[in-house]
Amino acid sequence: MWKRALDRAGVVEPRLRREYTAQRRAVRRFAAAEYAAARLLLPGALVPHVVAAVAFMHDTDDRVDRGTADERAAALTEWDGLVRKALADGDSALPVLRCLVRTVECHPDVRSHVEAFLRGCAREVTWRTIADEEDLERYVEEYSLPALMLTACLLAPADAAARAAFTDGCHRLIRGMQRIDFLEDLPEDLRAGRTGVPADAVARHGADLTRPDPALGRLVQEQADRADVDLTAAASLPDVTAPSYGPFLRALIGVQRLRLDAVRRAGASLATRTSGPAAPAAAALLLRETARRVLRGRPPGPAVRP
């Protein structure tokens, strides 16, 4: 199955096939659920390129997410140079970048999103607080959306109007996802000396982000409600792209719904623990969309004679 996907993706050179396979193993380790969804629900020809984009995003995050602010900024500067050189030369000493280069050759739209993502990483390595909704929107536009579009652009429609609607849906989706991320990661972010829950909302509710009390519970529910609005708007994404991408997009949005439900249930306890979707529910969602994809792909049966 994987070898066939590489064939369909145009990855025929033995060395490059081995390197895409290595990126696949890495993605399966750190993003098992996302890999399973892509592998089961996306056309095979896209899966290696999705893997390459996700592996690049993870490698970038890993390189710039350690050390002091100055060390992170220096790591980003070095990595930015390596990525741009690889794209300019069409080659690199690093397998993750060689795979990215081939994916950009096959899907040129990826390149602009790589560049936008690298620019957005400058915000990611320096942020410590999100002041208000406007600040959150800037964070999403500069970093979160470019990160999502590294892979989402592979599913974008060619028609200009449909593409604009698709990008808007992706914007709403990632804004909801980012808000959920900030709630799920509250204890971890606090230990790192930062928080993504808008500071003006924290002050409005009189919440202490380290204390699981009613004030924090009200703050969590308010932020969950805002995420809910964006996920509802993003539900139209499968309608503006190719039908073959619908199962994957529905599963992706469905998993965010499960994450949101878990956040609501956790409420104020998010001060002391993280949350996440129940594994059985996520698996059931994936199986349901896989079954829909299989049924959609079957040819119609013979007509039944009266």
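In this predicted model, the largest nonpolar core comprises 92 residues, and the members touching the most others are Phe56, Val83, Val114 and Phe166. Helix H8 (residues 133-152) supplies the largest share of this core, namely 10 residues. In soluble globular proteins, nonpolar side chains tend to be buried together.

Phe166 illustrates the packing. Leaving out residues up to four places away in sequence, Phe166 touches Met149, Ala152, Leu155, Ala156 and Pro157, as well as Leu237, Val240, Thr241 and Leu249.

Val114, another of the residues touching the most other core members, is among the buried residues of helix H7. The other buried positions of H7 are Val110, His113, Ala116, Phe117, Leu118, Gly120, Cys121, Arg123 and Glu124. These buried residues pack against helix H4 (47-64), helix H5 (69-89), helix H6 (95-106) and H8.

Helix H2 has buried residues of its own: Leu16, Arg17, Glu19, Tyr20, Thr21, Gln23, Arg24, Ala26 and Val27. Their cover includes helix H1 (2-8), H3, H4 and H6. The spans of H2 and H7, taken from first to last C-alpha, are each close to the value expected at 1.5 Å a residue.

| Helix | Residues | Number of residues | Span | Expected span |
|---|---|---|---|---|
| H2 | 14-30 | 17 residues | 25 Å | 24 Å |
| H7 | 109-124 | 16 residues | 23 Å | 22 Å |

Helix H3 (residues 32-41), which contains Arg39, is part of the cover over the buried residues of H2. Arg39 is buried but forms no salt bridge. Its nearest side chain of opposite charge belongs to Asp7, at a distance of 11 Å, whereas a salt bridge requires the charged atoms to lie within 4 Å. Beyond its neighbours within four places in sequence, Arg39 is in contact with Met1, Trp2 and Val47.

The cysteines remain to be considered. A disulfide is a covalent bond between the sulfur atoms of two cysteines. The model has 0 disulfides, the cut-off being a sulfur separation within 2.5 Å. Why does Cys121 form no bond with the closest cysteine sulfur? That sulfur, in Cys153, is 16 Å from the sulfur of Cys121, which is too far for a bond. For Cys170 the closest cysteine sulfur is likewise in Cys153, and the distance of 9.4 Å is again too far. Cys121 is buried, with a relative accessible area of 2%, and Cys170 is also buried, with a relative accessible area of 2%.

How values were computed
Residues are numbered from 1 along each chain as its sequence is written. This is a predicted model: local features need pLDDT of at least 70, side-chain atom pairs count only at pLDDT 80 or more; totals for chains, interfaces and linings use all residues. Side-chain values use heavy atoms; hydrogens and water are left out. Helices (H or I, at least four residues) and strands (E, at least two) are DSSP runs, numbered from the N terminus. Buried means under 20% relative accessible area, exposed over 50%, partly exposed in between (1.4 Å probe, protein chains only). Lys and Arg count as positive and Asp and Glu as negative; His and the chain ends are not counted. Contact means heavy atoms within 4.5 Å. A nonpolar core is a set of buried Ala, Val, Leu, Ile, Met, Phe, Trp, Tyr and Cys residues joined through side-chain atoms within 4.5 Å. The expected span of a helix is 1.5 Å times one less than its number of residues.
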